[in-house]
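The following exercises concern a predicted model. Please examine the sequence and the structure before turning to each solution.

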Amino acid sequence: MIRLPAPALVRRRAGSPRSSSERQIVFIVSSPQRSSLSEQLLLFGRNFFKHPRMLGSLIPSSRFLVNHVLREVEWDRARVFLEYGPGVGTFTTEILRRMRPDAVLVALETNQDFVRFLGRKLRDERLHVVHGSAADADVALARLKLGHADYIISGIPYTTMPPQLREAILRKTRDVLDPDGAFLVYQFTRAVLPHLQQVFGSVQEEFEPLNVMPARLFYCRHHVGHSNAEGNGGPANGSGRQVSLQPVAPDRTASARSPRLSG
Ligand SMILES: C[S@@+](CC[C@H](N)C(=O)[O-])C[C@H]1O[C@@H](n2cnc3c(N)ncnc32)[C@H](O)[C@@H]1O
């Protein structure tokens, strides 16, 4: 992985000299640490045209969808959150706003533009932005010395990814989900439902019309009697920061290429 000179990017003001390697991302550094809605939309839209199958949507989720999904969370007890595909942080920001001061959020994102953006925009010790695939959820948790996740919130497009990757992610998700945890999925179609049912048994379905496009919500829990009880590893070690992962399983999708370990 190319290590981004993130601190330099954050500090440099518009108009100051820049290297050629920085040039391609200049448009997202003009307003350090603050991002306007138009900046998020521009970044998201630009990446949609580059990786339509990986994003699955032209614009980020609506606040109605965010609120609907997050209604399911028991904020008082949840300590470890995983987010798959945070994008420009629409859910991430709200999870951080609501979660306990001693909780941890690990956000796995394959798109490096979004990883950089989140690293600049969201300064929170409880957040770990990981440049890697949801298929590496177990590695990300282990690297942070965390056990199982209480909630896994997933916005990645399961229907446009290779079937073997989808299966790997769903099975890995079940393995890292706490026995009392929940896997909260939002999609634009019901196509993923049989795959969720195969891995998790019964799945609760909901619908949110106020989103572009209207969204299907699927809430998955372990089968009754499922034993996965190593327990949670508790709060994070160290401060919130960006990390990156070595691939542990082949993830052959375009924007999931070569996630590497950096620390
Ligand atoms: C529909 S967008 C959702 C963005 C944001 N969560 C929202 O609700 O607005 C899907 C996101 O998943 C990311 N993504 C796709 N496949 C992924 C994978 N295997 N692991 C992690 N992130 C992935 C994409 O880069 C993109 O940011």
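**Exercise 1. The ligand shell**

Determine how many residues surround the ligand, which of them are closest, and how the shell divides by residue class.

Solution. Step one is the count: the ligand is surrounded by 24 residues. Step two is to identify the closest, which are Pro 60, Ser 61, Gly 85, Gly 87 and Gly 155. Step three assigns shell residues to secondary structure: helix H4 (52–55), helix H6 (90–98) and strand S2 (104–109) each contribute at least two residues. Step four sorts the shell by class, giving twelve nonpolar, eleven polar and one charged residue. Glycine is counted among the polar residues here.

**Exercise 2. The packing of two helices**

Describe how helix H9 packs with helix H10, and state which residues make the contact.

Solution. Two packed helices are described by the angle between their axes and the distance between the axes. For H9 (residues 163–176) and H10 (residues 193–200), the angle is about 40 degrees and the axes are 10 Å apart. H9 is therefore oblique to H10, since angles under 35 degrees would count as roughly parallel and those from 65 to 115 as roughly perpendicular. The crossing of H9 past H10 is right-handed. On the H9 side, the contact is made by Arg 166, Leu 170, Arg 171 and Arg 174; H10 supplies His 195, Leu 196, Val 199 and Phe 200. By class, the residues of this contact comprise four nonpolar, one polar and three charged.

**Exercise 3. A strand pair and its loop**

Establish in which sense strands S6 and S7 pair, and what joins S6 to S7.

Solution. S6 (residues 203–208) and S7 (residues 215–220) pair in the antiparallel sense, over six bridges. As one example of the pairing, Glu 205 has Phe 218 in S7 as its bridge partner. The connection from S6 to S7 is a hairpin of six residues. Met 213 lies in this loop between S6 and S7, and the peptide bond from Val 212 to Met 213 is cis, with omega near 0 degrees.

**Exercise 4. An uncommon backbone angle**

State what phi Lys 145 has, and where Lys 145 is found.

Solution. Most residues other than glycine have a negative phi, and most peptide bonds are trans. Lys 145, although not a glycine, has a positive phi of about 55 degrees. Lys 145 is located in the loop between helix H8 (137–143) and strand S4 (149–154).

Methods:
Residues numbered from 1 in each chain as written. Predicted model: local features only at pLDDT ≥ 70, side-chain atom pairs only at ≥ 80, totals over all residues. Axes fitted to C-alpha atoms, helices over the stretch in contact; angles between N-to-C directions. Helix = DSSP H or I, 4+ residues; strand = E, 2+ residues; numbered from the N terminus. Parallel < 35°, antiparallel > 145°, perpendicular 65-115°, else oblique. Left-handed = near helix turned anticlockwise from the far one by under 90°. Contact = placed C-beta atoms within 7 Å. Near = placed C-beta within 6 Å. Pairing = 2+ DSSP bridges.
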